[in-house]
Amino acid sequence: MEKMEKIVSLCKRRGFIYPGSEIYGGLANTFDLGPLGVELANNIKASWWKTFVQNRDDIYGLDGGILMSPKIWDASGHTKGFIDVLVDCKKCKKRFRQDHAKDKCPDCGGELTNPRKFNPMFKTFIGPVEQDSSIVYLRPETAQAIFVNFKNIIDSFHPKLPFGIAQIGKAFRNEITLGNFIFRKLEFEQMEIEYFIKQENWKKHFENWKKEMEKWFLGLGINKKNIRWRNHKKDELSHYSKKTEDIEYRFPFGFKELYGLAYRYDYDLKQHSNASGKELKYQEVDNNKFFPHVIEPSFGLERTILAVLNEAYHEDGKRIVLKLKPSLAPIKVAIFPLLSNKPELVKQARKVYDLLKTRFVCAWDSRGNIGKRYFAQDEAGTPFCLVFDFDSLKDKSVTIRHRDTMKQERIKIDELKEYLNKKLNE
Ligand code: GAP
């Protein structure tokens, strides 16, 4: 089996990621996060928010709406400029984005139709009558909620330049290219920052954000040899960008875009100023007013999850283990009574579980033999398993087994919280 298939299968088996609408035959490019997937996603988002919002005093958090005035998408240029060009294969009838297909069908080599333009924004309607006046779009990027709140943040917090506004949230695109699991979805999550600067400093900030993006991503347990930067050619640039570089990650299907870093100059603030009639300039103390320029680091959550799972996936003989960084692991500690048919053992082990579960995400498992329980937790990426055995009744200790080394040690129940706290924050 290819590595990608193995990851997909593990994700389903252990409750990380399920295909969307599966019992109805599925809905292409949609997926649901299972219990472990939600925890992993939340841990990644929490790490991002802590690094880029809470640990800094120059970045403000925001959670804007998915539905916004359609005027926003006219002003931002998305209704006219956010365009995919499609081609169909005359032979096998498959459809591709032109930039993915070049001259011939990438699947069967067949001849392609003439290119057709298509806007990947999803439309829906506000109100009971489906008429043009009530069309709204599901946002294709979180960024615009930030630009339209620029003045609100200035009025509430009076930040000094440079400063940023950050948002994590869903974005939607009517993608036509299928496959590669959660790499390209119809509904996905972005973690974006619009960083407002003075024009003359854009190169410095651009380079600095390259470092910041890389540092956070590598800190998730990613090997540096699996990333590289790629500069967009002129004809690839989005309608709002003067310069874009992507971090590419070596996914099991090859190096592909992970995140984008764009220099949006003063495009968006100017467009929204003109369209709304509200002046979105920054005013300095000496009354000098100007449109700040913008550097935009944009991160995709699903691509992060896929990269993290790819790095963590290890096979060691028959053992499959997800060597996730403990801070990202969905379950931190699993607690097992040695045997499930000894009531006193189960009762006392349950007390250890109750002691720890309010502090750490814990799992309880009393089914089957211990080997199988370890196997399940290794696949879930759980860093620690605790076994409560007959000796535990006397010495008030449990055996702790480490996921990566499989080493075991004995530890007093009284000292467990402190021990785990330390280990999980390493
Ligand atoms: N605001 C800038 C922007 O939206 P983008 O390069 O179109 O730029 C940024 O998207 C990031 O969002 C990508 O680098 C990727 O991580 C993620 N992304 C974009 N489309 C996606 C999709 N269909 N499925 C999953 N992630 C996606």
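Two strands pair if DSSP finds at least two bridges between them. With that in hand, take one such link: valine 387 has threonine 399, in β22, as its bridge partner. This is a predicted model. The points below cover an open sheet, the helices across it, and the nonpolar cores.

**The sheet**
- Five strands form an open sheet, in the order β20-β19-β21-β22-β23.
- The pairing in this sheet is mixed.
- Strands β20 (362–364) and β23 (408–412) are the edges, and each pairs on one side only.
- From one strand to the next, the twist averages 25 degrees.
- Strands β21 (residues 384–388) and β22 (residues 397–402) run antiparallel to each other and share four bridges.

**Helices across the sheet**
- Helix α11 (residues 343–357) lies across β19 (333–337), β20 and β21.
- The angle between helix α11 and β20 is about 165 degrees.
- Helix α12 (residues 370–380) lies across β19, β20, β21, β22 and β23.
- Helix α12 runs at about 170 degrees to β19.

**Nonpolar cores**
- In soluble globular proteins, nonpolar side chains tend to be buried together.
- The largest nonpolar core here has 67 residues, and Trp216 and Phe217 touch the most other members.
- Domain 1 (3–83 + 119–311) and domain 3 (331–424) each supply at least three residues to this core.
- Beyond its neighbours within four places in sequence, tryptophan 216 contacts Ile44, Ser47, Trp48, Thr51, Phe52, Met191, Tyr259, Phe299 and Thr304.
- A second, separate core has 26 residues, including Trp73, Met121, Ala145 and Ile165.

Note on methods. Residues numbered from 1 in each chain as written. Predicted model: local features only at pLDDT ≥ 70, side-chain atom pairs only at ≥ 80, totals over all residues. Heavy atoms only, no water. Core = buried A, V, L, I, M, F, W, Y, C linked by side-chain atoms within 4.5 Å. Buried < 20%, exposed > 50% of the residue type's maximum accessible area, 1.4 Å probe, protein only. Domains from an automatic or database assignment. Contact = heavy atoms within 4.5 Å. Helix = DSSP H or I, 4+ residues; strand = E, 2+ residues; numbered from the N terminus. Axes fitted to C-alpha atoms, helices over the stretch in contact; angles between N-to-C directions.
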